[in-house]
Amino acid sequence: LPIVVKAFEMEIIPASKIVVQIGEMLVLTCNTTGCASPSFSWRTQMDHPLGGTVNNYRTYSTLTMNPVSIENYNDYLCTAFCNEKGKKEKSIKVELYSFPSDPVIEISTSLVAGEPATVICKIPDVFPSDRLEVLLMKEGHTLHAKDFSEDDSRNKETKTVTYSFNPTTEDIGKEITCVAKLPIANMDFEPKERVTSLKLNANFGPQNTIITVSPSNFTVEGNPLKLTCVTESNPPAQVVWSKHLADGNIEHFIENNVLSIPHARFTDSGLYICEVINLVTNKTEKATVDIFIQAPPKNTTLSIFPSSVVKQGESVTISCTSADVPAVQITLRKKIGDVITTLETEDGKYTIDKAQLKDAGIYECISINKLGKQSQHIVLDVKVPPQNITVLVYPSENVKEGENVTITCSTYSNPPSQMVLKKVHQEREIILPSVNGTFTLYNVTKNDTGKYLLDVFNEVGNNIKVIEIAVIGKLEKRHQMMPLIIAFSCTTAIAIPVVAILIYVSRKAKINGSYSLVKALRLKV
């Protein structure tokens, strides 16, 4: 059979043109057929460096570029020699691009609502940059567009697009999108468009801070109360609660936007302050609310100064107060039996400049509001020495022997008075006590003639009255005689009468028509 000789042929793999990205690996293969031991050579147009490694094998040769760099942007020519069969040449065009990653969006500073900010879109290692197109968009609307058609860069570069704007609170959560395109029509590579989006997170506030109160800033003691501090802030603001105290100090509470009081007390009333702080914007805002806790009257007090027991003529101040509860009507009343008198007070105080017995009695302090009533009472006791003394001698201060003499005394005082009758003797004083408060001289004799002292006294003071009795002759016939009344004035009306009856008692003389007063009463002083 005849021997078939194959023709000498060659090819370059891949085909006549290849598009490759800078930084990747490219292997060009020059393959022959019809030659047992061909030889190979590689060169570039204009004899630039190959920028790769050549490896020759039996029937093919490779040019490996790892990684592909900008110097590999050439036309490569492969020549194969086969002795008597001559040589073959083929070229391949290597076209380069670089579009390795999606754009990177950066914000020049922390976004603060109302303050200028810059969005930066970076397209890394792009080539050829003169074909680059960039769009900055927000929620589908174009903010800024730029192309780099006038760029003459001959290597890959990172290109930057910037856009300045004033973010608003409405921008929070919206997307900023950077669209980078490398639309080279006669170059076959993907992707030719890269997109990156970033949600805006504008920092702002605090602003529009208010305090809401549930159920109301007017509530009744014992009810639950909830104060909520509401503010607009990004990032969320820190919350600090405080309360102005009556003494001017400030009480601080938990750092939470909700302040709960399970059982409100009257002392929880006051001015509450919510202070919100944004640590990023370094701004602070405050809101305040007045809380009024309504309660029935409490801590009602009734006091008397200097004491609830005073002497006649001393000054007395009665104070009627109801502490800690507002909107309370306070009334001071005086009660004597069924008679009730409402007293006019000044700042809850009622002053008696010179206390008299008529001022004694029960004083009542009443505090009342729409939620309840509370009262206290106290007794004022006014001590009065004996006064308005009336002495009655019956039948008369001048009597005859053998008659009976009765001495009666009445007075007003507080506390009730005690009474002692004394006979003044030249040598000694004789005290005559009473029997059941009665003093009677039976069958008087001339020895009973003399001066008698009536001492009326209590713990506050005393009053002494003088009575002179004269006994003359013997009683021949009893006559009815009008009593002699000795009255002593008193400058003050007394509301509580104290009546004492003193009876001077003497025994009937048995010896020589007379009697011994000392022996009769068996009491010597």
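Here are some questions and answers about strands, turns of the backbone and peptide bonds in this predicted model.

Q: Which strands stand at the edges of the open sheet of five strands?
A: Let's start with the order of this sheet, which is β32-β38-β37-β34-β35, with mixed pairing. A strand at the edge has a single partner strand, so one side of it is left without a neighbour in the sheet. Neighbouring strands here are turned by 30° against each other on average, direction ignored. The edge strands are β32 (398-401) and β35 (429-432).

Q: How many bridges join strand β37 to strand β38, and which residue of β38 stands opposite Asp455?
A: Strand β37 covers residues 450-457 and strand β38 covers residues 462-474, and the two run antiparallel. Eight bridges join them. Opposite Asp455, on the β38 side, you will find Ile464.

Q: What is the average angle between neighbouring strands in the open sheet β24-β26-β29?
A: Three strands make up this open sheet, and their pairing is antiparallel. The edge strands, β24 (300-305) and β29 (349-352), each pair on one side only. With direction ignored, neighbouring strands are turned against each other on average by 10°.

Q: Which residue in β29 stands opposite Val316?
A: Strand β26 spans residues 316-322, and four bridges join it to β29. These two strands run antiparallel. Val316 faces a partner in β29, and that partner is Ile352.

Q: Where does Pro67 lie, and what is the omega of the peptide bond that joins it to Asn66?
A: Most peptide bonds are trans, so a cis one deserves a look. Pro67 is found in the loop between β6 (60-65) and β7 (75-82). The bond joining Asn66 and Pro67 is cis, with an omega of about 0°.

Q: What is the omega of the peptide bond from Phe127 to Pro128?
A: Pro128 has its place in the loop between β10 (117-126) and β11 (133-138). The bond from Phe127 to Pro128 is cis, and its omega is near -10°.

Q: Is Asn83 buried or exposed?
A: Asn83 sits in the loop between β7 and β8 (86-97). Its phi is positive, about 30°, although Asn83 is not a glycine. The cut-off for exposed is over 50% relative accessible area. At 70%, Asn83 is therefore exposed.

Q: What does Asn299 count as at 43% relative accessibility?
A: Asn299 also has a positive phi, about 55°, without being a glycine. Asn299 lies in the loop between β23 (283-294) and β24. Under 20% would be buried and over 50% exposed. At 43%, Asn299 therefore counts as partly exposed.

Terms used: Residues are numbered from 1 along each chain as its sequence is written. This is a predicted model: local features need pLDDT of at least 70, side-chain atom pairs count only at pLDDT 80 or more; totals for chains, interfaces and linings use all residues. Side-chain values use heavy atoms; hydrogens and water are left out. Two strands pair if DSSP finds at least two bridges between them. Axes are lines fitted to C-alpha atoms, for helices over the stretch in contact, and angles run from 0 to 180 degrees between N-to-C directions. Buried means under 20% relative accessible area, exposed over 50%, partly exposed in between (1.4 Å probe, protein chains only).
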